[in-house]
Amino acid sequence: MSLEEHQGEYEIVVPSVSILCQPTVALVDEVVDDRGTMEVATEYLEYLYSTEA
């Protein structure tokens, strides 16, 4: 659905204030050891907190 298809039915609202939400992410040793995903999980966390992300 687009605003062009339904003109006058919807309005774009831009809040005057925004809140930056950064959920906490962590590795759970027992889980990654059990699944054998320590390396890929570590790489993901490094990327997640990189400048590029």
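**Legends to close-up views of a predicted chain**

**View 1. Overall extent of the protein chain.** About 5,400 Å² of the protein chain is exposed, with carbon and sulfur atoms supplying 53% of that area (accessible areas come from the Shrake-Rupley method with a 1.4 Å probe, and for residues only the protein chains shown count as cover). This is a predicted model, in which local features need pLDDT of at least 70 and side-chain atom pairs count only at pLDDT 80 or more, while totals for chains, interfaces and linings use all residues. Residues are numbered from 1 along each chain as its sequence is written, and side-chain values use heavy atoms, with hydrogens and water left out. The protein chain has two helices and zero strands (DSSP runs numbered from the N terminus, helices being H or I of at least four residues and strands E of at least two). Its radius of gyration is 20 Å, well over the 10 Å that the globule rule gives for 53 residues, so the chain is more spread out than a compact globule (the radius is taken over C-alpha atoms, and the rule is 2.2 Å times the number of residues to the power 0.38). The C-alpha trace spans about 55 × 25 × 20 Å along its principal axes, and buried residues make up 6% of the 53 residues (buried means under 20% relative accessible area, exposed over 50%, and partly exposed in between, with a 1.4 Å probe and protein chains only).

**View 2. The nonpolar patch around Ile12.** Leu3, Tyr10, Ile12 and Val14 make a nonpolar surface patch of about 450 Å² (patches are made of residues with over 30% relative accessible area and no salt bridge, like charges being joined within 9 Å and nonpolar side chains, namely Val, Leu, Ile, Met, Phe, Trp and Tyr, within 5 Å; a salt bridge is a side-chain nitrogen of Lys or Arg within 4 Å of a carboxyl oxygen of Asp or Glu). Ile12 lies in the segment before helix H1 (29-35) and counts as exposed because its relative accessibility is 63%.

**View 3. The negative patch at Asp29.** Asp29, Glu30, Asp33 and Asp34 form a negative surface patch (Asp and Glu count as negative, Lys and Arg as positive, and His and the chain ends are not counted; a charge is placed at NZ of Lys, CZ of Arg, CG of Asp or CD of Glu). Asp29 is found in helix H1 and, with a relative accessible area of 48%, is partly exposed.

**View 4. Glu4 and Pro15 in the segment before H1.** Glu4 is found in this segment and is exposed, at 68% relative accessibility; from C-alpha to C-alpha, Glu4 and Val28 are 47 Å apart in space and 24 residues apart in sequence. Pro15 also has its place before H1 and is exposed at 60% relative accessibility, while Pro15 and Val31 are separated by 16 residues in sequence and by 40 Å in space, C-alpha to C-alpha.
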